[in-house]
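This report walks through one protein chain for a reader who has not met it before. Please look over the sequence and the model shown below, and then read on.

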Amino acid sequence: MSEETLSNLSTETRSFEPPAELAAAANVKADAYAAADADRLAFWAEQAGRLDWAEPFTQVLDWSNAPFAKWFVGGKLNIAHNCVDRHVEAGRGDQVALHFVGEPGDTRDITYAQLKDEVSRAANALEELGIEPGDRVAIYLPMIPEAVIAMLACARVGATHTVVFGGFSADALASRIADCNAKLVITADGGYRRGAPSALKPAVDEALVKIDNDNTAIVENVLVVRRTGQDVAWNGDIDVWWHEVVDESSEIHEAKAFDAEHPLFVMYSSGTTGKPKGILHTTGGYLVGTAYTHHAVFDLKPETDVYWCTADVGWITGHSYIVYGPLANGVTQVLYEGTPDSPHKGRWWEIIEKYKVTLFYTAPTAIRTFMKWGRSIPDGFDLSSLRLLGSVGEPINPEAYMWYRDVIGGDRCPIVDTWWQTETGMMMISPLPGVTAGKPGSAMTALPGVGADVVDEAGVPVPNGSGGYLVLTEPWPSMLRTLMGDDERFVDTYWSRFKEQGYYFAGDGAKKDEDGAIWLLGRVDDVMNISGHRLSTTEIESALVSHPRVAEAAVVGAADETTGQAIVAYVILREGALAEATQGEELVAELRNHVAKEIGAIAKPRSIMLVPELPKTRSGKIMRRLLKDVAENRVVGDTTTLADSNVMDLIAAGAKTST
Ligand code: WT7
């Protein structure tokens with residue numbers, strides 16, 4: 001990366017010290033780094049002590065067959081026992097585990113004692129349906145308690161789950177069921193989405209037909225939760241109602257212990273072309289990693305905090321930071337079914353006010369949406385219970401960070417910007433809220449026990465003030481173990497780029513600032529090359545979003561005859577700005593100059609399109625590939641993973657009229 005680019009990135013100078021009170025009482029203090037550095041494996045062995053082990057492990061890490069790791073060798077444990085039963089046994093059975101909020105307004109508080117009964121019933125039902133340890137179960141549910149219960153029940157009986165996000169199509173579901181040979185599918189008639197019931201069961205039916213056609217059917221049963229009450233087609237040979245088999249089962253279930261390396265779940269990664277990658281996580285290391293990081297980064301005090309992670313359990317964030325890490329720590333948390341704007345745009349803030357949420361974890365894309373809607377909405381609610389805010393999924397623009405801190409956090413709550421991936425299973429780079437002075441836009445430093453660095457093409461760590469590739473330098477307990485059925489692709493994708501050094505290649509560009517703090521620059525494939533200068537899409541997006549009229553921006557590098565690549569930006573204006581923007585050309589010129597002013601003339605976009613929406617995956621990632629197709633006047637590629645498939649038609653139509 002060129003020096004010019006890097007110096008342009010170093011303009012953010014604000015930083016925020018941890019609040020004194022939080023720092024004084026923090027779960028994890030500065031000495032954790034030194035302790036972990038002194039003996040990393042001893043550090044992780046100590047963290048393993050957070051869990052109940054039925055049989056102790058004899059070795060912390062077996063790395064003799066790297067990059068295939070075995071953590072906590074010889075140890076045995078049951079995940080559901082650790083996430084549920086032991087809290088009841090410790091006398092905390094009456095504590096609420098889940099404050100469920102349905103989108104239509106129905107609510108359900110589930111205590112740990114009730115959760116234990118529900119998970120045990122579901123575990124008995126799974127066994128009655130013939131599920132054995134090692135069998136695969138696909139879960140395709142809305143954000144309702146049964147999703148959490150189903151995952152824990154699978155873990156309890158040793159079945160490997162694969163949760164497929166409810167927004168995915170029948171085709172995506174079919175390919176995942178087939179890839180992992182699921183024996184059972186757990187679904188619902190439907191869920192509530194934007195004020196209306198949205199069917200799920202038909203997609204399962206369709207997926208099974210598709211799989212049958214391929215002659216790969218091994219699905220023996222479909223277990224159906226009744227959520228919306230809508231009509232469903234019924235195949236009496238395989239379909240069974242949850243309320244008939246689970247509710248009728250005994251609430252007594254003995255949880256057997258499984259090996260620390262027993263497969264816990266497969267999560268398919270989105271956004272890549274070709275066959276989805278089935279990322280495999282196992283039992284002991286995964287739970288140690290997620291429990292420790294949740295305790296450390298959210299400073300969780302299970303007796304007094306109310307935690308809310310807005311992710312869907314269909315994504316890794318929901319697995320690690322709704323289900324496994326938080327429940328292992330005995331959390332009280334909110335589980336919300338619906339969208340942020342149903343029935344009104346203050347729904348999330350209303351929930352925070354009602355349940356007095358203290359710890360809140362969401363994504364920059366959501367924050368920017370709220371910015372667009374305006375601060376008067378959150379300002380109408382009492383958010384004073386909040387004491388810590390988290391961010392995940394993409395780099396958070398300094399503008400969004402400051403808005404989050406000021407408007408949501410009352411200028412009082414530290415923000416933890418947590419970098420990690422489906423593959424890492426747990427947060428890897430993040431501030432510690434009681435230790436780190438956070439800088440807006442930086443994920444700061446590797447957590448205790450984690451090794452991260454920024455290296456050049458040759459794998460040599462770059463000096464502070466320079467950029468390169470983000471790598472993870474040491475194995476960690478919740479690392480992916482392989483890609484399901486494809487060890488070779490696992491090695492190729494993550495471990496071959498810096499084979500000599502034995503580093504894990506994360507696929508992200510990053511820089512270290514003068515203090516050694518890490519700034520993520522987006523995926524390496526999102527880094528553009530303009531006239532031989534490397535520029536990150538994130539950097540230019542940040543500049544655009546820092547303009548008072550811009551709500552959201554996406555930038556792509558489009559092929560250009562003279563400069564190699566040219567910057568093309570797609571911009572959504574803030575509400576209110578649209579009406580004034582009748583002079584589109586003037587505003588575009590102003591925005592180009594604004595970027596030039598913020599970063600330098602090299603970063604001035606060749607063209608800027610004012611658009612009503614951006615193409616996003618259902619997890620909120622902008623699909624720049626599609627924007628690039630428009631920018632390069634190509635037929636727009638595969639849009640099947642878009643949350644809203646009409647968006648590209650709107651943008652492409654706009655591009656035609658504006659050129
Ligand atoms: C990619 C992983 C981790 C759960 C959600 C996404 C980007 C994630 C951050 C952050 C900058 C981030 C990276 C990473 N990313 N968090 N705090 N700052 N970038 O999981 O779908 O596996 O995506 O998301 O590019 O590689 P995922």
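## A backbone turn and its surroundings

Just after helix H11, Asp299 takes a positive phi of about 50°, where helices (H or I, at least four residues) and strands (E, at least two) are DSSP runs, numbered from the N terminus. The model is a predicted one, in which local features need pLDDT of at least 70 and side-chain atom pairs count only at pLDDT 80 or more, while totals for chains, interfaces and linings use all residues. Residues are numbered from 1 along each chain as its sequence is written.

Asp299 lies in the loop between H11 and strand S16 (307-309), and Asp299 is buried, with 24 other C-beta atoms within 10 Å. Here a residue counts as buried if 20 or more other C-beta atoms lie within 10 Å of its own, as exposed if 12 or fewer do, and as partly exposed in between, with C-beta atoms placed from the backbone. The preceding helix, H11 (residues 284-297), has 14 residues and reaches 20 Å from its first C-alpha to its last, close to the 20 Å expected at 1.5 Å a residue; the expected span is 1.5 Å times one less than the number of residues. Because 14 of the 14 residues of H11 are buried, the helix is largely enclosed by the rest of the structure.

Arg194 also has a positive phi of about 50° although it is not a glycine, and Arg194 sits in the loop between strand S9 (190-193) and strand S10 (196-199). Arg194 is exposed, with 11 other C-beta atoms within 10 Å. Most residues other than glycine have a negative phi, and most peptide bonds are trans. Two cis peptide bonds are listed here.

| Cis peptide bond | Omega | Place of the proline |
|---|---|---|
| Ala66 and Pro67 | about 5° | loop between strand S1 (59-62) and strand S2 (70-73) |
| Ser342 and Pro343 | about 0° | loop between S17 and H13 |

## The sheet

An open sheet is formed by 7 strands in the order S5-S4-S17-S16-S18-S19-S20, with mixed pairing; two strands pair if DSSP finds at least two bridges between them. Its edge strands are S5 (107-111) and S20 (415-418), each of which pairs on one side only. Neighbouring strands of this sheet are turned by 20° against each other on average, direction ignored. Strand S4 (residues 96-101) pairs with S5 in the antiparallel sense over 5 bridges, and Leu98 has Ile110 in S5 as its bridge partner. Helix H13 (residues 347-355) packs on the sheet, touching S4, strand S17 (333-336) and strand S18 (359-362), and its direction makes about 150° with that of S17. Such angles run from 0 to 180 degrees between N-to-C directions, with axes being lines fitted to C-alpha atoms, for helices over the stretch in contact.

## The whole chain

The chain has 22 helices and 30 strands, and along its principal axes the C-alpha trace spans about 70 × 60 × 50 Å. With 659 residues, a compact globule would have a radius of gyration near 26 Å, and the 24 Å of the chain agrees with this; the radius is taken over C-alpha atoms, and the globule rule is 2.2 Å times the number of residues to the power 0.38. Buried residues make up 54% of the 659 residues.

Key: Two residues are in contact if their C-beta atoms, placed from the backbone, lie within 7 Å.
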